[in-house]
Amino acid sequence: MKKIIFVYGGWEGHQPKETTELFSKIMEKEGYKVEIFNTLNVFLDEKKLNSANLIVINWTMGKLTSEQEKGLLKAVESGVGIAGWHGGMGDAFRENTGYQFMVGGQFVSHPGGIVEYEVNIIKKDDPIVKGIENFKIKSEQYYMHVDPSNEVLANTVFKNKEFYWIDGTVMPCIWKRKYGKGRVFYASFGHSLEDFNLFETKEIIKRGMLWAMGEF
């Protein structure tokens, strides 16, 4: 039986415990063994990490020690998949640039706060988003610094008059990539548990986790 490690914590505004419970239960129903940790010290346990097929990060902000970062990156580079959403993965460990290099992007702002925006599926034949149409969501629209080597599956366009200089900017919001032998998946929606009331958001995260652990 394949195993998934969920690691949650950090800033509580993103409801890390609640969203972790949601997706851990979904993956248990899919037939996977799930372990949940509320400590970053799990990244020091090489044997534990290497026994997993997937690590799900849900830890907004915070800081990794050099040894914790090294342990996590080594596991992913060796072939353990990693997946996450919103600030739980894309605004985790702001001082750890090695971690950001692995993720493929870093949050820098959410202009306008909670806004309605559209997620535009651009790689419609990819199994993570296949059959899912463009959809609207009311949440934080993440402005990110992103790695040009990402394989972008969806983007979003900023329509912002307050920050007029970014009006019309096209920003990746769902991507996948490789880090060594490991598969990396990220989606920038997911500010709160409510974001996952949509079929599209919940399904994309589930498929992204499945892809990252090599199921397709």
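## Exposure and Lys 161

A residue is called exposed when its relative accessible area is over 50%, and buried when that area is under 20%, with partly exposed residues in between. In this predicted model, Lys 161 has a relative accessible area of 67% and is therefore exposed. Lys 161 belongs to the loop that runs between E9 and E10. From Lys 161 to Pro 16 the C-alpha distance is 31 Å, and 145 residues separate the two in sequence.

## The open sheet

The model contains an open sheet of 9 strands with mixed pairing, arranged in the order E2-E1-E3-E4-E11-E10-E9-E6-E7. Its edges are formed by strand E2 (33-37) and strand E7 (135-140), each of which pairs on one side only. On average, and with direction ignored, neighbouring strands of the sheet are turned by 25 degrees against each other.

Helix H1 (residues 16-29) packs on this sheet and touches strand E1 (3-10), E2, E3 and E4. The direction of H1 makes about 170 degrees with that of E1. Elsewhere in the sheet, strand E6 (residues 114-121) pairs with strand E9 (residues 151-157) in the antiparallel sense, over 2 bridges. Asn 120 is placed opposite Asn 155 of E9.

## Helix H3

Helix H3 covers residues 66-78, a stretch of 13 residues. The distance from its first C-alpha to its last is 18 Å, close to the 18 Å expected at 1.5 Å a residue. After H3 comes Gly 79, which has a positive phi near 130 degrees.

Buried positions in H3 are Gln 68, Glu 69, Gly 71, Leu 72, Leu 73, Ala 75 and Val 76. The elements covering these buried residues include helix H2 (46-50) and helix H5 (97-103). Strand E3 (54-60), strand E4 (81-85), strand E10 (170-179) and strand E11 (182-187) are also among the covering elements.

## The largest pocket

The volume of the largest pocket is about 190 Å³. Its lining consists of Pro 111, Val 115, Glu 116, Tyr 117, Glu 118, Asn 120, Lys 136, Gln 141, Thr 156, Val 157, Lys 159 and Asn 160. Two elements, E6 and E9, give two or more residues to this lining. E6 supplies the largest share of the lining, 5 residues.

Asn 120 thus appears in two settings: as a lining residue of the largest pocket and as the residue opposite Asn 155 in E9.

## Positive phi outside glycine

Gln 15, a residue other than glycine, has a positive phi, near 50 degrees. Gln 15 is located in the loop between E1 and H1. Its relative accessible area is 25%, so Gln 15 is partly exposed.

His 86 likewise has a positive phi without being glycine, with a value near 45 degrees. His 86 is part of helix H4 (residues 86-90). Because its relative accessibility is 0%, His 86 counts as buried.

## Pro 172 in strand E10

Pro 172 lies within strand E10. With a relative accessible area of 15%, Pro 172 falls under the 20% limit and is therefore buried. When neighbours within four places in sequence are left aside, Pro 172 contacts Val 146, Val 152, Ala 154 and Asn 155. One of these contacts, Asn 155, is the residue of E9 that Asn 120 stands opposite. Phe 23 is 149 residues from Pro 172 along the chain, and their C-alpha atoms are separated by 23 Å.

Technical notes. Residues are numbered from 1 along each chain as its sequence is written. This is a predicted model: local features need pLDDT of at least 70, side-chain atom pairs count only at pLDDT 80 or more; totals for chains, interfaces and linings use all residues. Side-chain values use heavy atoms; hydrogens and water are left out. Helices (H or I, at least four residues) and strands (E, at least two) are DSSP runs, numbered from the N terminus. The expected span of a helix is 1.5 Å times one less than its number of residues. Buried means under 20% relative accessible area, exposed over 50%, partly exposed in between (1.4 Å probe, protein chains only). Contact means heavy atoms within 4.5 Å. Two strands pair if DSSP finds at least two bridges between them. Axes are lines fitted to C-alpha atoms, for helices over the stretch in contact, and angles run from 0 to 180 degrees between N-to-C directions. On a 1 Å grid over the protein atoms alone, a cavity is a set of points where a 1.4 Å probe fits but cannot get out, and a pocket is an open set with protein on both sides within 12 Å along at least five of seven lines; lining residues have an atom within 4 Å of a point. Grid points are joined across faces, edges and corners, and a volume is the space filled by probe spheres set on the points.
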